[in-house]
Amino acid sequence: MNDSKVITEHLLTGTAIAGVLDELATLRLHIFQEYPYLYEGRREDELTYLETYAKTPDACVILACDRSAVIGGATGMPLVHEDTQIRGAFADTPLSLDEMYYVGELLFRPTYRNCGLGRKLLARLESHIRSLGGYRTLTCATVERPDAHPLRPRDYIPITRFLARTGFVRLPGVTTHFTWREADGVKRDHPMQFWLKELS
């Protein structure tokens with residue numbers, strides 16, 4: 001990252017999240033168009049989903065900004081408040097959902113990737129979650145795509161590498177499925193793989 005960038009982080013909870021929903025929706029809509037998501041979303045759907053963060057106890061949003069521009073973000077909420085498809089993935093595990101915190105996103109615009117900001121935001125998120133008390137683990141889900149997918153970029157770096165390097169472990173057999181419209185206009189089923197990290 002060059003010296004002209006001035007990055008700040010903003011941790012938001014409760015009603016303060018409502019004030020940044022539009023910026024967060026824009027970030028998600030742009031980045032989720034990329035591989036591996038290939039998601040063609042609608043702003044109204046994004047805003048409806050993101051509003052739950054402003055209303056959910058212990059939910060939080062961290063925005064990364066370069067001066068006044070939002071260039072990245074992380075979101076999370078207690079797993080018990082997440083979608084039934086996400087909670088249901090853990091039905092056959094011994095894990096306590098009450099002690100788990102779900103990381104929904106950790107996103108950056110392309111020119112701000114691979115320069116340490118991901119680790120920084122994740123550390124900030126973990127610190128906040130520990131301060132809440134009662135949560136023992138973090139979990140997140142990744143989109144499963146075949147290595148030979150025709151739209152996979154040559155220089156693609158999978159998020160799984162970042163997860164492994166920051167202490168997450170893959171949970172074999174703990175998966176779910178979501179359907180969304182891709183950039184070509186076709187709705188497809190997408191398998192999602194869960195990962196887990198102990199909060200020391």
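Okay, let's start with a pair of charged side chains: arginine 130 and glutamate 126 meet in a salt bridge, with 3.3 Å from N to O. Keep in mind that we're looking at a predicted model here. Why do these two residues sit about one helical turn from each other? Because they are four residues apart in helix α4, which covers residues 117-132. As for the general idea, side chains of opposite charge can pair when their charged atoms come close.

So is glutamate 126 buried or exposed? Glutamate 126 counts as buried, at 6% relative accessibility, because the cut-off for buried is under 20%. Its partner, arginine 130, comes out at 36% and counts as partly exposed. And which residues does glutamate 126 touch, if we skip those up to four places away in sequence? Those are Leu138, Lys197 and Leu199.

Let's move on to the other salt bridges. How many does the structure hold? There are 17. One of them joins the side chains of arginine 28 and glutamate 46, at 2.3 Å from N to O. This pair links distant parts of the chain: arginine 28 belongs to helix α1, residues 21-31, while glutamate 46 belongs to helix α2, residues 43-55, and the two are 18 residues apart. Arginine 28 is buried, with a relative accessible area of 6%. Glutamate 46 is buried as well, with a value of 3%.

Then have a look at arginine 188 and aspartate 184, whose side chains meet in a salt bridge at 2.7 Å, N to O. Arginine 188 is partly exposed, with 31% relative accessibility. These two don't stand alone, either: Arg145, Glu182, Asp184 and Arg188 are linked in a network of salt bridges.

While we're on charges, find lysine 5 on your screen. Which ring does lysine 5 lie over? The answer is tyrosine 112: lysine 5 lies over the face of that ring, 5.2 Å from the ring centre.

Right, on to the aromatic rings. The structure holds eight aromatic pairs. One of them is tyrosine 35 with tyrosine 156: the ring centres are 4.8 Å apart and the planes are at 90°, so we call the pair edge-to-face. Where do these two tyrosines sit? Tyrosine 35 lies in the loop between α1 and α2, and tyrosine 156 lies in the loop between β5 (137-143) and α5 (159-165), so the pair ties together parts that are 121 residues apart in sequence. Tyrosine 35 itself counts as buried, at 9% relative accessibility.

Another pair to find is phenylalanine 90 with phenylalanine 194. Their ring centres are 5.0 Å apart and their planes are at 70°, so this pair is edge-to-face too. Again, distant parts of the chain are linked: phenylalanine 90 is in the loop between α3 (84-88) and β4 (100-108), phenylalanine 194 is in strand β7 (residues 187-198), and they are 104 residues apart. Phenylalanine 90 counts as buried, at 2% relative accessibility. Phenylalanine 194 is buried too, with a relative accessible area of 0%.

There's also a ring cluster to look for: ring pairs link Phe32, Tyr37, Tyr39 and Trp180.

Now, cysteines. A quick reminder: a disulfide is a covalent bond between the sulfur atoms of two cysteines. How many disulfides does the structure hold? Zero. Take cysteine 60, which is in no disulfide: the nearest cysteine sulfur belongs to cysteine 140 and is 14 Å away. Cysteine 60 counts as buried, at 0% relative accessibility. Cysteine 115 is in no disulfide either, and the nearest cysteine sulfur, from cysteine 65, is 15 Å away. With 28% relative accessibility, cysteine 115 counts as partly exposed.

Last, let's zoom out to the annotation. Which residues does UniProt list for "domain: N-acetyltransferase"? The unreviewed entry gives residues 22-197. Over residues 22-197, the chain is 29% helix and 32% strand, and the end C-alpha atoms are 30 Å apart.

And if you want one place to go back to, pick glutamate 126 in helix α4. Glutamate 126 is buried, and its side chain meets that of arginine 130 in a salt bridge.

Definitions and conventions: Residues numbered from 1 in each chain as written. Predicted model: local features only at pLDDT ≥ 70, side-chain atom pairs only at ≥ 80, totals over all residues. Heavy atoms only, no water. UniProt positions renumbered as here; feature names shortened; annotations may be inferred. Salt bridge = Lys/Arg side-chain N within 4 Å of Asp/Glu carboxyl O. Buried < 20%, exposed > 50% of the residue type's maximum accessible area, 1.4 Å probe, protein only. Disulfide = S-S within 2.5 Å. Phe/Tyr/Trp six-rings, centres within 6.5 Å; stacked < 30°, edge-to-face > 60°. Lys NZ or Arg CZ within 6 Å of the ring centre and 35° of its normal. Contact = heavy atoms within 4.5 Å.
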